[in-house]
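Me: I'm new to this one and would like to know what lies behind each label. Could you show it to me and then take my questions?

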Amino acid sequence: MTDAVLGGTGTALINILLLAILFVVAIAIARLRSLFAIVMLSGVYSLVSAAWYILVDAVDVGFTEAAVGAGMSTAVLLGAMLLTARTAKPEKPFSRLGPFIVCLAVGVMLIYATIDLPALGDPTSPANAGVGLTFLQVNWYDTGVPNVVTSVLASYRGFDTLGETAVVFTAGLAVALLLGFGERSLAETLRRSPQPETRPPSVPRDGDAT
Amino acid sequence: MKGDHHMILRVIAKCLIPLILIYAFYVQFHGEVGAGGAFQAGVVLAVALILHSLVFGLTATMRAVPPWFTRALSAVGVLVYAGVGVWAMLNGGAYLEYQALFLEPPGGHDGQHAGIIIIELGVLFAVSGGLSTIFYALAGRVAEIRDEDW
């Protein structure tokens, strides 16, 4: 009994801690002007929210958030930031008032909506009692795949996943068509400098392949 | 001395990149029994590539993994995925009906396993190739501007 109570208290404390970090990071992102710091802090935000997802047992979502949000999009945003200025323009006073009111209104509405949500892990909630339960029951006979997430993603909803794959491919294609394939810089570098001029020839090779 | 600035970074990255690649393949092939799957594995693969280019320079990475390869990989991934659907149709099933891959009765799982493994390979190719293409497009452009303007 005490174990359960202590465990619940510990989880609640970690919850509060992670959400507090998220809050502080979000405020810092909103107030900073340096784009580099903002990109890095958004990576931190993703990593902390990934930890929080795992705390609420959404392991796959947390994994994806850590890989895509903290890893991939931080790197892509850094690359995009290098194409533009390093700092955001200073704002006029009171220009934040409108967005602030919108955020406040949306936040109040979301908090109001959480009152109707079922508790975490509630077995009678619609997500656990309806079609989710059916998948858990028929999955083993249908597919023989132990991980229901995989069998739902790849088998029951194969069309969805095909669409998502096509979306990723299309995104890569669109960015490459807009920005070029990045080969011009490669050809340029290869043509101009068999040895990069930034490094003196006395430095031993370090597997740089140049 | 200028080249020595990032020596620790290079040594650590050399140790880390193979581990990241192995982890990506672990996630890929344990998707049926654990968390994660082909999407995450593809992202992790692309992240290993990005780490290599951040530490060793974009040119070295483009020599190792050429841009034409990443975008071809992305297209091949989508084709592999769609091809499994066509394979099922050729056997008389519905599109992407894995049960029809080996013409099994309901309850047979070979087609399910094979279909899922193949489409996950397709997703891995498409995601890692597509994200690498995006990164190459952005990073390659930066290098070009830097050479001309600075």
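Reply: Gladly. Chain A has 9 helices and 0 strands, so its pattern along the sequence is simply α-α-α-α-α-α-α-α-α, with runs counted from DSSP. Please keep in mind that this is a predicted model.

Me: How confident is the predictor in the complex and in chain B?

Reply: The complex is given an ipTM of 0.85 and a pTM of 0.81. Chain B has a mean pLDDT of 84, and 91% of its residues reach 70 or more. Within chain B, H4(B) has the highest confidence, at a mean of 92, and H5(B) the lowest, at 80. Over residues 143-150 of chain B the pLDDT is below 50, and this stretch has 6 contacts in the model beyond near neighbours in sequence.

Me: What makes A:Ala88 exposed?

Reply: A residue counts as exposed if 12 or fewer other C-beta atoms lie within 10 Å of its own. A:Ala88 has 12 such atoms, so it is exposed. A:Ala88 sits in the loop between H3 and helix H4 (97-114) of chain A. Leaving out residues up to four places away in sequence, A:Ala88 touches A:Arg33 and A:Leu35. The C-alpha atoms of A:Ala88 and A:Leu35 are separated by 6.5 Å, although the two are 53 residues apart along the chain.

Me: Why is B:Leu96 called buried and B:Leu103 exposed?

Reply: Being buried takes 20 or more C-beta neighbours within 10 Å. B:Leu96 has 24, so it is buried. B:Leu103 has 11 inside 10 Å, and 12 or fewer means exposed, so that label fits too. B:Leu96 is found in the loop between H4 and H5 of chain B, and B:Leu103 lies in the loop between H4 and H5 of chain B as well. Phi is positive at B:Leu96, about 65 degrees, although this residue is not a glycine. For B:Leu103, also a residue other than glycine, phi is near 55 degrees.

Me: What makes helix H6 of chain A hardly covered?

Reply: The count of buried residues among the 12 residues of H6(A), residues 131-142, is 0. Just after H6(A) comes A:Gly144, with a positive phi of about 70 degrees. Across the 210 residues of chain A, buried ones make up 21%.

Me: How do you know how far H3(A) reaches, and where does it bend?

Reply: H3(A) covers residues 59-82, which is 24 residues, and spans 33 Å from its first C-alpha to its last. At 1.5 Å a residue, 34 Å is expected, so the computed span is close to the expected one. H3(A) bends by about 35 degrees at A:Ser73.

Me: Which residues touch the most other members of the largest nonpolar core?

Reply: That core has 57 residues, and those touching the most other members are A:Met72, B:Val43, B:Val44, B:Ala46, B:Val127 and B:Phe135. Elements giving two or more residues to this core include H3 of chain A and helix H2 (38-56) of chain B. H5(B) gives the most, with 14 residues.

Me: Why does this core lie between domain 1 and domain 2 of chain A?

Reply: Domain 1 (7-91) and domain 2 (130-197) of chain A both give residues to this core, so it lies between them.

Me: What is B:Phe135 in contact with?

Reply: Beyond its neighbours within four places in sequence, B:Phe135 is in contact with A:Ala75, A:Val76, A:Gly79, B:Ala46 and B:Ile50.

Key. Residues numbered from 1 in each chain as written. Chains lettered and ligands numbered in written order. Predicted model: local features only at pLDDT ≥ 70, side-chain atom pairs only at ≥ 80, totals over all residues. Helix = DSSP H or I, 4+ residues; strand = E, 2+ residues; numbered from the N terminus. Bend = angle between axes of the 7 residues up to and from the residue. Core = buried A, V, L, I, M, F, W, Y, C linked by C-beta atoms within 7 Å. Domains from an automatic or database assignment. Contact = placed C-beta atoms within 7 Å. pLDDT = per-residue confidence, 0-100.
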